[in-house]
Amino acid sequence: MNPRFGAVFTALAAAALFGAATPIAKALVGAMSPFMVAGLLYLGSGLGLGMGIIGRQLGRSETNGVQRIRKRELPWLMGAIAAGGVAGPALLMLGLASTPAATTSLLLNLEGVLTAVIAWVVFRENVDVQVFLGMVAIVAGGVVLSWQPGQSAVPPGALLIAGACLCWAIDNNLTRKVSTNDAMVIACLKGLIAGPVNLAIAFATGTSLPGPGSLVAAMLTGLAGYGVSLVLFVVALRHLGTARTGAYFSVAPLFGVTLSLLIWPELPQVSFWIAAALMVLGIWLHVRERHEHEHTHVPLEHTHRHRHDEHHQHEHDFPYDGVEPHTHAHTHRPVTHSHAHFPDIHHRHTH
């Protein structure tokens, strides 16, 4: 698959898994308290990915250990976990107590907007008119999808939900800083930390564990919708940048509604088709983007899975068997050239 479209597909797959988790969770664990649901979803993600990492390592040679996150990157990762795995869910659960579901759905569209704004304003990620319009179309589709007449009043919990969206937007941008690392390790750590924290809050409020069936169902849903989805999201961040990945991820509600219609069959409303058309338009605007100019790569050292292409021309300080792709610490030498590119991990230059 063309790497360009492969990255887009990865982001959309992450959105599909996350969007599908919502109606599945509603069908399987609707009787649980919100914090218990959040805790089990994250814990299922962390434990499931942890077992996946162990299984993956058993099939490798002894010299290929788990890729370690460098100390200078730990503050970014811990900030992402604190914002997206702890503060975000807590604010959302508190806001849900006094906010209608329709209003909540509308407010959750803020995550994509705030993610892009932080990426463009704070981290100076490149944006052009086409990408901006694509983002507008996707967010507009989300608004149409979740809009319900008669829900125009802003309840007190709205600010809490907006705060949750801001936390997740910060999470998305901080995660980009560590996206060159093993995506499974990043997602696993987030689940193993955020899960127990949310469960502790649930227990502190007098909630007890559900029955074995609901518990397992919740954790499996978390593994797919929060774990595997986050792994794919991190990989997409690596290749597309924060704003573009966030835009693709914003189509998650469309997948959620589609699955809901399959679980609880009914004729889709006109708003569903309008929203789908707007989101498809936004994706099309992003896919057809071609950003090309002469740019200079500054010296850069990092670790990630790669092939020896125009950006990876380096020697190896270990016996190299020629197998690609492979993962190891490597240094990029300064080079100036021109080609089409995204604001990925190798193209974070100014314009």
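**Reading rings, cores and a surface patch**

Modeller: Start with one ring. Tyr226 is partly exposed, with a relative accessible area of 24%. Keep in mind that this is a predicted model.

Biologist: Why is Tyr226 called partly exposed?

Modeller: Partly exposed covers the range between under 20%, which is buried, and over 50%, which is exposed. The relative accessible area of Tyr226 is 24%, so Tyr226 falls in that range.

Biologist: How many aromatic pairs does the structure hold?

Modeller: There are five aromatic pairs. Take Tyr42 with Tyr226: their centres are 5.2 Å apart and the planes make an angle of 80°, an edge-to-face pair. Tyr42 belongs to helix α2 (residues 34-58) and Tyr226 to helix α9, so this pair ties together parts 184 residues apart in sequence.

Biologist: Is Tyr42 buried or exposed?

Modeller: Tyr42 is buried, at a relative accessible area of 8%. Tyr226, its partner, is partly exposed.

Biologist: Why does the pair of Phe233 and Phe249 count as edge-to-face?

Modeller: Read the angle between the planes. Over 60 degrees counts as edge-to-face. The planes of Phe233 and Phe249 stand at 70°, with ring centres 5.1 Å apart, so this pair is edge-to-face. Phe233 sits in helix α9 and Phe249 in helix α10 (residues 242-249), so to speak a link between distant parts of the chain, 16 residues apart. Both Phe233 and Phe249 are buried.

Biologist: Which residues do the ring pairs link into a cluster?

Modeller: The cluster holds Phe18, Tyr42, Tyr226, Phe233 and Phe249.

Biologist: Now the core. What is the general idea?

Modeller: In soluble globular proteins, nonpolar side chains tend to be buried together. Here the largest nonpolar core has 46 residues, and Tyr248 and Val251 touch the most other members. Helix α9 (residues 212-240) contributes the most to this core, seven residues. There is also a second, separate core of 14 residues, with Leu41, Leu43, Ala90 and Met93 among them.

Biologist: Which residues is Val251 in contact with, beyond its neighbours within four places in sequence?

Modeller: Val251 is in contact with Leu12, Ala15, Ile138, Met279 and Ile283.

Biologist: And how do I read a contact between parts far apart in sequence?

Modeller: Compare the sequence gap with the distance in space. Leu199 and Gly39 are 160 residues apart in sequence, yet their C-alpha atoms are 4.7 Å apart. Leu199 is found in helix α8. Setting aside residues up to four places away in sequence, Leu199 touches Met36, Gly39, Leu40 and Leu43. Leu199 counts as buried, at 10% relative accessibility.

Biologist: Which residues form the nonpolar patch on the surface?

Modeller: Leu74, Met78, Leu189, Ile193 and Val197 form the patch, and together they have about 340 Å² of accessible area. Two elements each give two or more residues: α3 (74-96) and α8 (183-204). The largest share, three residues, comes from α8. One of the patch members, Ile193, has its place in helix α8. At 30% relative accessibility, Ile193 counts as partly exposed.

Biologist: Last, the backbone. What is the phi of Arg124?

Modeller: Arg124 has a positive phi, about 55°, although Arg124 is not a glycine. Look for Arg124 in the loop between α5 (110-121) and α6 (129-146).

Biologist: Is Arg124 buried or exposed?

Modeller: Arg124 is exposed: its relative accessible area is 62%, and the cut-off for exposed is over 50%.

Definitions and conventions:
Residues are numbered from 1 along each chain as its sequence is written. Side-chain values use heavy atoms; hydrogens and water are left out. Patches are made of residues with over 30% relative accessible area and no salt bridge: like charges are joined within 9 Å, nonpolar side chains (Val, Leu, Ile, Met, Phe, Trp, Tyr) within 5 Å. Accessible areas come from the Shrake-Rupley method with a 1.4 Å probe; for residues, only the protein chains shown count as cover. A salt bridge is a side-chain nitrogen of Lys or Arg within 4 Å of a carboxyl oxygen of Asp or Glu. Helices (H or I, at least four residues) and strands (E, at least two) are DSSP runs, numbered from the N terminus. Buried means under 20% relative accessible area, exposed over 50%, partly exposed in between (1.4 Å probe, protein chains only). A nonpolar core is a set of buried Ala, Val, Leu, Ile, Met, Phe, Trp, Tyr and Cys residues joined through side-chain atoms within 4.5 Å. Contact means heavy atoms within 4.5 Å. Rings of Phe, Tyr and Trp (its six-membered ring) pair if their centres lie within 6.5 Å; planes under 30 degrees apart count as stacked, over 60 as edge-to-face and the rest as tilted.
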